[in-house]
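Grab your favourite viewer and work through these exercises one at a time. Try each task yourself before you read its solution.

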Amino acid sequence: QIDEMFTNASPYQTIFLMLGLMTGLRANEICSLRWDYINFDAKLLHLPPGIRKGGSSHTIPLPDELLEYLKLLREKNRNTYYVLTHKGKRIKKFTRSWNQLRKRLSFSTFQNEHKLRFHDLRHCYATYLRLSGHELSDIKELLGHKSVTTTERYAHWYSDKKRPDVDSICRIIDFSKRNQEI
């Protein structure tokens, strides 16, 4: 299903998918991303207070593959303040584009009549981290949850493996096939 999403995604939708699946960010957080929030050397994304739900600041590690993609995007959009722009202006919502992508998918509605939401990518992120052996307490921190109970609703699988690095997401989902132009 992830492959189908990327196959049907425009280059603009692709960066949203990558950010959602590789960081667990919400759509509004992705729309708010500025280049100065990304520390390429430290491989970290820092969201200042006021961006996230709950208003607190949050820092998350970024996988190498996503960093490389973001570097290419930054080179292309040198004179922009925000990461995602259209004709030089900040993209404020992803809803219309997400709905267009969802219509092209064979699984946009599930058996229980649940429609695929962009927020479901946040659940995928947590589940992939859990499948890779991350502890719930680590996933809680990466998602910015206050409670492990909330995280348990996101990470839909459990394991006793040791915690690997965040690049493990890229080994579960083969992002290397995403060769669309930025």
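**Exercise 1. Get the overall picture.**
Find out what share of the chain's contacts with a separation of 6 or more links residues 24 or more positions apart, then list the elements.

*Solution.* Start with the contacts: 63% of those with a separation of 6 or more are between residues at least 24 positions apart. Keep in mind that this is a predicted model. Next, count the elements: there are 9 helices and 5 strands. Read from the N terminus, they come in the order α-α-α-β-β-β-α-β-β-α-α-α-α-α. Finally, check burial: 48% of the 182 residues count as buried.

**Exercise 2. Lay out a sheet.**
Work out the strand order of the open sheet of 3 strands, and say which strands stand at its edges.

*Solution.* Step one is the order, which is β1-β2-β3 with antiparallel pairing. Step two is the edges: β1 (38-39) and β3 (58-61) each have a single partner strand, so one side of each has no neighbour in the sheet.

Step three is to go pair by pair. β1 and β2 are antiparallel and share 2 bridges, and Ile-38 has Leu-45 of β2 as its bridge partner. The hairpin of these two strands has 4 residues between them, and Lys-43 there takes a positive phi near 60 degrees. β2 and β3 also run antiparallel, joined by 4 bridges. In that pairing, His-46 has Thr-59 of β3 as its bridge partner, and Leu-47 sits opposite His-58 in β3.

**Exercise 3. Sort the faces of two strands.**
For β2 and β3, decide which residues are on the covered or buried face and which are on the other.

*Solution.* Take β2 to begin with: Leu-45 and Leu-47 make up its covered face, while Leu-44 and His-46 are on the uncovered one. Now do β3, where the side chains alternate: His-58 and Ile-60 point to one face and are buried, whereas Thr-59 and Pro-61 point to the other and are not.

**Exercise 4. Zoom in on Ile-60.**
Is Ile-60 buried or exposed, and which residues does it contact beyond its sequence neighbours?

*Solution.* First, place the residue: Ile-60 is in strand β3. Then compare its relative accessible area with the cut-off: the value is 1%, and buried means under 20%. So Ile-60 is buried. Now look around it, skipping anything within four places in sequence: Ile-60 contacts Thr-23, Leu-25, Lys-43, Leu-44, Leu-45 and Leu-142. As a distance check, the C-alpha atoms of Ile-60 and His-46 are 6.6 Å apart, with 14 residues of sequence separation.

**Exercise 5. Dissect the largest nonpolar core.**
Identify the core members that touch the most other members, and the element that gives the largest share.

*Solution.* The core has 50 residues, and Met-5, Ile-38, Leu-70 and Trp-98 touch the most other members. Two or more residues each come from α1 (2-8), α2 (11-23), α3 (27-31), β2 (44-47), α4 (64-76), α5 (95-103), α6 (120-131) and α7 (136-143). The largest share is that of α2, with 7 residues. To see one of the well-connected members up close, pick Leu-70: leaving out residues up to four places away, it touches Ile-15, Trp-35, Ile-38, Phe-40 and Val-83.

**Exercise 6. Classify two helix packings.**
How does α2 pack against α6, and how against α5?

*Solution.* For packed helices, you want the angle and the distance between the axes. With α6, the angle is about 45 degrees and the axes are 7 Å apart. The two are therefore oblique to each other. α2 supplies Leu-17, Gly-20, Leu-21, Met-22 and Thr-23 to this contact, and α6 supplies Leu-121, Cys-124, Tyr-125 and Tyr-128. By type, that contact has 7 nonpolar residues, 2 polar and no charged.

With α5, α2 packs at about 95 degrees, and the axes are 11 Å apart. Roughly perpendicular covers 65 to 115 degrees, so α2 is roughly perpendicular to α5. Tyr-12, Gln-13 and Leu-17 of α2 meet Ser-97, Trp-98, Gln-100 and Leu-101 of α5. This contact splits into 4 nonpolar residues, 3 polar and no charged.

Methods. Residues are numbered from 1 along each chain as its sequence is written. This is a predicted model: local features need pLDDT of at least 70, side-chain atom pairs count only at pLDDT 80 or more; totals for chains, interfaces and linings use all residues. Side-chain values use heavy atoms; hydrogens and water are left out. A nonpolar core is a set of buried Ala, Val, Leu, Ile, Met, Phe, Trp, Tyr and Cys residues joined through side-chain atoms within 4.5 Å. Buried means under 20% relative accessible area, exposed over 50%, partly exposed in between (1.4 Å probe, protein chains only). Contact means heavy atoms within 4.5 Å. Axes are lines fitted to C-alpha atoms, for helices over the stretch in contact, and angles run from 0 to 180 degrees between N-to-C directions. Angles under 35 degrees count as roughly parallel, over 145 as roughly antiparallel, 65 to 115 as roughly perpendicular and the rest as oblique. Ala, Val, Leu, Ile, Met, Phe, Trp, Tyr, Cys and Pro count as nonpolar, Asp, Glu, Lys and Arg as charged, and the others, Gly among them, as polar. Two strands pair if DSSP finds at least two bridges between them.
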